[in-house]
Amino acid sequence: MPDPIITLTTDFGASAPYAAALKGVILTLNSAARLVDLTHEIPPQDVRYVAFFLATAVPCFPNEALHVVVVDPGVGSDRALLYIEAAGRRLLAPDNGCWTLLEGAETARVIRLAEPRYWRRSVSATFHGRDILAPVAAHLSLGIDPAQLGPPVRDWVRLVIPPPRTIAGGLAGEVVFIDNFGNVITNIPTDGLRPPDVLTIGDRKLQGTFRWVRSYSEAPPESLVVLGSSTGLLEIAVARGSAAQCLEATVGMPVTIDWTTGDAGGSAG
Amino acid sequence: MPDPIITLTTDFGASAPYAAALKGVILTLNSAARLVDLTHEIPPQDVRYVAFFLATAVPCFPNEALHVVVVDPGVGSDRALLYIEAAGRRLLAPDNGCWTLLEGAETARVIRLAEPRYWRRSVSATFHGRDILAPVAAHLSLGIDPAQLGPPVRDWVRLVIPPPRTIAGGLAGEVVFIDNFGNVITNIPTDGLRPPDVLTIGDRKLQGTFRWVRSYSEAPPESLVVLGSSTGLLEIAVARGSAAQCLEATVGMPVTIDWTTGDAGGSAG
Amino acid sequence: MPDPIITLTTDFGASAPYAAALKGVILTLNSAARLVDLTHEIPPQDVRYVAFFLATAVPCFPNEALHVVVVDPGVGSDRALLYIEAAGRRLLAPDNGCWTLLEGAETARVIRLAEPRYWRRSVSATFHGRDILAPVAAHLSLGIDPAQLGPPVRDWVRLVIPPPRTIAGGLAGEVVFIDNFGNVITNIPTDGLRPPDVLTIGDRKLQGTFRWVRSYSEAPPESLVVLGSSTGLLEIAVARGSAAQCLEATVGMPVTIDWTTGDAGGSAG
């Protein structure tokens, strides 16, 4: 059997020594662990961003991977640290909702970490990733039963990305993610969606100036396109350019789509 | 035998979930694969940059490594995806020339990926790295014969970094790469090159204000030096500073070197 | 026994091909090596930064890890390259003091790398990380005796972070590190420290506008706090904000703490 996989997702930034410290703590307890960096560049303390990140990345992994998530604005408060099993995925994360966009979140098995014997001997007030989550991850990778980590809990913080609302002649949603290319991803699912006639993002109303495409390459460079993202959400992009820059888009900005005639159903063209 | 090595080179950016998705897809199919990040910070869609990157990095690796390259401005178009064997190196990359600065590119064995049975069941129009290249890499690491991936091809996109031209009294080339330290690397080979008397970069003509050195440390801090780069190309640097900033250099900017007397041959001093 | 762990700490930047080159060289000589990235984002040539980084990260690792450090402003000069054993830790680093904040530095076993048979056949003048440190790391991971690498040395460059000075009614220190969250870390140990009444950083004198806390979460968002860092040093932070930005703090900036009454000893509250 291959050695256990432990992934790391943090907001520490690549230049800080904190991600390295996590790695060292894990390898000290289980030197056979295989560490996989997902990212250390989550925007600082941005729970919503990491929730979207995990919802995109975690489903690609095999179930046996253990995902350690350290984006923890509440460190040092009485917020809990959790072990989570959701639809076969296993995570360790602060109780701030960061994992709750994953499939199976509503019916997850959740345990509150409460057994200091699986922690570092001395636990700082500001770095629970190193002192609690990392050693617990190592112990889990060595095969301890999660039930030993603490009591099961039935309530936890839930992060809800509101589904788009139906409005007269269209749908109203918002920007949920902007990627490295400047592609703007919304909370509007594209499955079965009919190409809209009008797209409004923030204060900009676009009509006749964008194209509905299957991929960026169907449009000439610099042109504005709307498409289904690789995770099935309405995405606004500029072929070989940055839509976020062109549209001055930011996460949370309202997005509406409208059809001047007919209904919202039908084929996505 | 050690577990198979798969390297990843992308322009996804460290904060996006796309590199993590690649890793998950590979580990799901072959959980024994050993993933090595080369970089996820290629400037977005910069084929020329990644070509230089690969030409520097790939020759350092053992032949058994498999290099997955996802810098793919043409995703969703009819550009092919390729399996490549060049001088013993093995790569998976879009057909955009990104691998063609490697030794052996002209006589490479190239196969067009055409067998969907080695792909993800559902292939998106915008993320072929996750849906085609990553699963094919995993299957290759499990030992399938590359011939099963698709038909051999004899033509592919070639990226050519033009060799410098001989001009009256010197050579005319260009900037091909600027590194993290602000060192400016040109397309002018230094093997056998005689130290130039005049260096022109963009609009700036330098004469008597730079030193030809073997290494940065031969010159006082802040001084401008010209040397052979670690890959054998003429490099312009500022000792403990940034030549790119001092000279406002950008990739593609013309660079000429001149000798006020004599010929271009001889020792590099 | 698990395969050998080799960590990498460099200032190459994530987008340059140099870290990838190191990895390739190591894996070519020992394809069983397990590479762990600590960071490639040390600020260019910042020896003091990497010294602080290593002092934080290396103690978390198991002793069997081998730490390769390539922050090397003196590359190409006659500065030595070193193999170091300090309090059970093993490192390869340029002789610039970067490892000398580690525990055991004063009584370390240090060897100067002098045996070219463990180097790359051709050694460039500008990239000793790739040409000397990486192959030596690989040979060490294959089990060669460090004594074969070169002669022992008893003198080396020492980096000293001056301890804070006692001044009338307080202590005078400086900023030694600023992390990704904008937390400002000083050279003032907090063990046994009494909460100060006055804090001066650069030109700003703060009195009654900061709170002494155990963790960020004890204070309302945006408020200025002073606390013991996860490495036991006085840290100035803004809850859910950036102290570095608020205070325009930079590394090296003077920091003093004062008590308006009583002495410097006693409990940290």
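Contact here means heavy atoms within 4.5 Å. Keep that in mind as you work through these exercises on a predicted model, where local features need pLDDT of at least 70, side-chain atom pairs count only at pLDDT 80 or more, and totals for chains, interfaces and linings use all residues. Residues are numbered from 1 along each chain as its sequence is written, chains are lettered from A and ligands numbered from 1 in the order in which they are written, and side-chain values use heavy atoms, with hydrogens and water left out.

**Exercise 1. Get to know chain A**

Work out what share of the contacts in chain A with a separation of 6 or more comes from residues 24 or more positions apart, then describe the chain.

Step 1. Those residues account for 67% of such contacts in chain A.

Step 2. Now look at the secondary structure. Helices (H or I, at least four residues) and strands (E, at least two) are DSSP runs, numbered from the N terminus. Chain A has four helices and 15 strands.

Step 3. Check the dimensions: the C-alpha trace of chain A spans about 65 × 40 × 35 Å along its principal axes.

Step 4. Ask how much is covered. Buried means under 20% relative accessible area, exposed over 50%, and partly exposed in between (1.4 Å probe, protein chains only). By that rule, 59% of the 269 residues of chain A count as buried.

**Exercise 2. Where chain A meets chain B**

Describe the interface of chain A and chain B, starting with how many residues are in contact.

Step 1. Count the residues: 29 from chain A are in contact with 31 from chain B.

Step 2. Turn to area. Buried area is the accessible area (1.4 Å probe) that two parts lose on being put together, summed over both. Chain A and chain B bury about 2,600 Å² between them, with 60% of it on carbon and sulfur atoms. Cys60(A), Phe181(A) and Ser230(A) supply 23% of the area that chain A buries against chain B, more than any other three residues.

Step 3. Look for salt bridges (a side-chain nitrogen of Lys or Arg within 4 Å of a carboxyl oxygen of Asp or Glu). The rule finds zero across this interface.

Step 4. Try polar contacts: pairs of N or O atoms within 3.5 Å, where within protein one must be able to donate a hydrogen and the other to accept it, and residues adjacent in sequence count only if both atoms are side-chain atoms. Between chain A and chain B there are eight residue pairs in polar contact (both at pLDDT 80 or more).

Step 5. Find the elements involved. Strand 2 (34–39) and helix 2 (47–57) of chain A are the ones that give two or more residues to the side touching chain B. Strand 2 of chain A gives the most, with five residues.

**Exercise 3. Relating chain B to chain C**

What turn lays chain B on chain C, and what symmetry relation is that?

Step 1. Copies are superposed by least squares on the C-alpha atoms of residues with pLDDT of at least 70 in both.

Step 2. A turn of 120 degrees and a shift of 0.0 Å along the axis lay chain B on chain C with an RMSD of 0.0 Å. That is the relation of a three-fold axis.

Step 3. Look at their contact too: chain B gives 29 residues and chain C gives 31. The area buried between them is about 2,600 Å², and the salt bridge count is zero.

**Exercise 4. Zoom in on chain C**

Decide whether helix 2 of chain C is mostly covered or open, then place Pro94(C), Gln45(C) and Glu248(C).

Step 1. Helix 2 (residues 47–57) of chain C is mostly covered, with nine of its eleven residues buried. Among them are Tyr49(C), Phe52(C) and Phe53(C).

Step 2. Pro94(C) sits in strand 5 (residues 89–94) of chain C and is buried, at 0% relative accessibility. Leaving out residues up to four places away in sequence, Pro94(C) touches seven residues including Val69(C), Arg79(C) and Leu133(C).

Step 3. Gln45(C) lies in the loop between strand 2 (34–39) and helix 2 of chain C. Gln45(C) is partly exposed at 27% relative accessibility, and its phi is near 65 degrees, a positive value in a residue other than glycine.

Step 4. Glu248(C) is in the loop between helix 4 (243–247) and strand 15 (254–258) of chain C. Glu248(C) is exposed at 55% relative accessibility, with a positive phi near 50 degrees.
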